[in-house]
Amino acid sequence: MEMTPTQILIWTLRILLPLMGFWIYYRMQHKQEDSGIQVPRNTMLACRHFSGDGDPAMVPSLKGISEAPELFKDSGKGGKGGREEKRGKKKKQVEAQDAALNPEEDEL
């Protein structure tokens, strides 16, 4: 199949235009300058208005394990441990299926 000059021009543009677009985009990104606003770390920390007057107001209202053990006992929903247990069960099921399909491997 012979290519006409028009087809050659179209394919050349299909290849070169995306490359040129990326090159222009890349060059424009690197020409952006910083805003010029630089604030020293000490000034930023001073603006936080932290007062070392002790604990925040909500800390005394928090309860620990000794005060409210019912909040910390296992709810039985599983959480991460439940998922890991399910994975373990699934893995055991897969191993049992493999053992049933390949009984000669167990004899080794």
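Here a visitor and a guide talk through a predicted model of one protein chain.

Visitor: What makes up the chain, going from the N terminus on?
Guide: The elements run α-α-α-α, so you will find four helices and zero strands.

Visitor: How much of the chain counts as buried?
Guide: Just 2% of the 108 residues do. The accessible surface comes to about 11,200 Å², and carbon and sulfur atoms account for 58% of that area.

Visitor: Why is Leu13 called partly exposed?
Guide: Good one to start with! Leu13 has a relative accessible area of 41%. Buried needs under 20% and exposed needs over 50%, so Leu13 falls in between and is partly exposed. You can find Leu13 in helix α1, which covers residues 5-30.

Visitor: Which residues join Leu13 in a nonpolar surface patch?
Guide: They are Leu9, Ile15, Leu16, Leu17, Leu19 and Met20. With Leu13, they have about 680 Å² of accessible area together.

Visitor: How do you know that Phe22 and Tyr26 are stacked?
Guide: Check two values. The ring centres are 6.1 Å apart, and a pair needs them within 6.5 Å. The planes meet at 25°, and under 30 degrees counts as stacked. Both tests are passed, so the pair is stacked.

Visitor: What separates Phe22 and Tyr26 along helix α1?
Guide: About one helical turn, because they are four residues apart.

Visitor: Why is Phe22 called exposed and Tyr26 partly exposed?
Guide: Phe22 has a relative accessible area of 53%, which is over the 50% cut-off, so Phe22 is exposed. Tyr26, at 41%, counts as partly exposed.

Note on methods:
Residues numbered from 1 in each chain as written. Predicted model: local features only at pLDDT ≥ 70, side-chain atom pairs only at ≥ 80, totals over all residues. Heavy atoms only, no water. Patch = residues over 30% accessible without salt bridge, like charges linked within 9 Å, V, L, I, M, F, W, Y side chains within 5 Å. Areas by Shrake-Rupley, 256 points an atom, 1.4 Å probe, with all protein chains shown as cover. Salt bridge = Lys/Arg side-chain N within 4 Å of Asp/Glu carboxyl O. Helix = DSSP H or I, 4+ residues; strand = E, 2+ residues; numbered from the N terminus. Buried < 20%, exposed > 50% of the residue type's maximum accessible area, 1.4 Å probe, protein only. Phe/Tyr/Trp six-rings, centres within 6.5 Å; stacked < 30°, edge-to-face > 60°.
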